[in-house]
Amino acid sequence: MNGQRVNIGIIGLGTVGVGVARILLQQGDLLKTRSTLTFHLKTIAELDWNKDRNLDLSNVKCTDNAYDVLDDPEINIVVETIGGYEPAFSFIKRALENRKHVVTANKALIATRGRELFQIARENGVDILFEASVGGGIPIIKGLREGLIANKIESIYGILNGTCNYILTKMHKDSVEFEDALKGAQENGFAEADPSLDINGTDTAHKLTILGSLASNSIVSFDKIYVEGITGISKLDINFAKTFGYTIKLLAIYRVFNGGVDIRVHPTLVSDSHLLSAVSNEMNAIFVTGDFVGNTVFYGPGAGERPTASAIVGDIVDLSRDLLLKEGQKYCNRTINPTADVKIIPIEEVTNRFYLRFFTLDKPGVLAKISGILADYKISISSMVQLETHERDNYVPIVLLTHEASEKYMEQALQKIMQFEFVKENFLRLRIF
Ligand SMILES: NC(=O)c1ccc[n+]([C@@H]2O[C@H](COP(=O)([O-])OP(=O)(O)OC[C@H]3O[C@@H](n4cnc5c(N)ncnc54)[C@H](OP(=O)(O)O)[C@@H]3O)[C@@H](O)[C@H]2O)c1
């Protein structure tokens, strides 16, 4: 480091990169007052320099070659904001091997290749921080890593995807179908042109992998997480949930359970009396329970240029404090232990309360047969609604809420129920929180 000056290089001047550059260029005095350090945005690597980004880059070296950042011995901290797997992985690896700290917002990469990157960081005595990868501007990672360090984390329930939350909120408040809500989200800039990774739950699972790894101080394997998206939810289900006093949310769930962790992503009925049910539109929230602190809630904007950049610059300042220390005093590797793995309990071994919605022929004895099968599998019903109107063909919807029941038995019972000729194929099974 050059005196009290920290040199920063950004790779990728898209939505997030622009925000980071803006803060570094505009908030220099504020950052200096609060940290005593001068943050100098030295170089930006970006492929497309034709876009107007409304930034004064006259004192910044602008290049299209990422290695002008990665191999510059004067650069202390590299900000990776290109996203994706490659070349992002190779760029971060090179930066760490060149003994530069790295800050990234790349949840997909951290969730799937974090182990390798943390190991490389450890071997080189530097850190990789990723506050912006979960919950945008919400300081949840710092919260888990530092604020709640004295606690064993017992559970995390998170609304981590703004696109899904926006869609589900519109369906709930405006009583529209999924496709119309998605279209509205795209028109209002809350969903990508290709929203697949959001609506199929993958993005939430990436973020949950990161939170679960921090909570357990071990690696959570992304591919072992049970994931369901929100595409099967209809206006009808939203309205039924409302009738029973619930709001449907896409929840990321982490729970210490049976000597391991129960970790999953799926649409969930959240009681209207729970704080998470009130988290609307594109906002994110994370409900964390620690053994000493009890229940805590982290709430805020989960994406966007300014919130995400705010989180990235928080990491930059955090890392810069290390740069002031001498070799041997450095507080590196504040991330996840890459050599430890957490035991993930398969979903079949978990119990839940369930919401079941079937379309059945409107004839006597149907309900008795369904509840008979459920009883055979030790599943008891807590509430039930059967609409009398003929909604679709001759089929009417039946909705059952159950008491706590085994996931394995539920799966087996559903297979039996679906064999009845009076049940239509498109049933829905949701969990209740
Ligand atoms: N957007 C958000 O609100 C948000 C929130 C949280 C986390 N994140 C994460 O932040 C990361 C960046 O997201 P974003 O929305 O800012 O993406 P973006 O708008 O697509 O920006 C990426 C930028 O990187 C540039 N780029 C691609 N390859 C490059 C290379 N080899 N060298 C230099 N520049 C390169 C792209 O240029 P071209 O356009 O010319 O390809 C583009 O300008 C992703 O990992 C994302 O998951 C984003």
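1. Let's start with a term: a residue is called buried when its relative accessible area is under 20%, exposed when that is over 50%, and partly exposed in between. Now try it on Cys164 in this predicted model. Cys164 has 1% relative accessibility, so it counts as buried.

2. Cys62 makes a good partner for practice. Its relative accessibility is 37%, so Cys62 lands in the partly exposed class. While we're on cysteines, the structure holds 0 disulfides.

3. Zooming out to the whole chain, 55% of its 433 residues count as buried. The surface that the chain does expose comes to about 18,600 Å², with carbon and sulfur atoms supplying 48% of that area.

4. What does the secondary structure come to? You'll find 14 helices and 17 strands in the chain. As for how it all packs, the radius of gyration is 24 Å, close to the 22 Å that the globule rule gives for 433 residues, so the chain is as compact as a globular protein of that length. If you like to picture a box, the C-alpha atoms fill one of roughly 80 × 45 × 35 Å along the principal axes.

5. Have a look at who touches whom, too. Take the contacts between residues at least 6 apart in sequence: 74% of them join residues at least 24 apart.

6. Last up, charges. How many positive and negative side chains does the chain have? There are 46 positive and 53 negative ones. The centres of these two sets lie 4 Å apart.

How values were computed: Residues are numbered from 1 along each chain as its sequence is written. This is a predicted model: local features need pLDDT of at least 70, side-chain atom pairs count only at pLDDT 80 or more; totals for chains, interfaces and linings use all residues. Side-chain values use heavy atoms; hydrogens and water are left out. Helices (H or I, at least four residues) and strands (E, at least two) are DSSP runs, numbered from the N terminus. The radius of gyration is taken over C-alpha atoms; the globule rule is 2.2 Å times the number of residues to the power 0.38. Buried means under 20% relative accessible area, exposed over 50%, partly exposed in between (1.4 Å probe, protein chains only). Contact means heavy atoms within 4.5 Å. Accessible areas come from the Shrake-Rupley method with a 1.4 Å probe; for residues, only the protein chains shown count as cover. Lys and Arg count as positive and Asp and Glu as negative; His and the chain ends are not counted. The place of a charge is taken as NZ of Lys, CZ of Arg, CG of Asp or CD of Glu. A disulfide is a pair of cysteine sulfur atoms within 2.5 Å.
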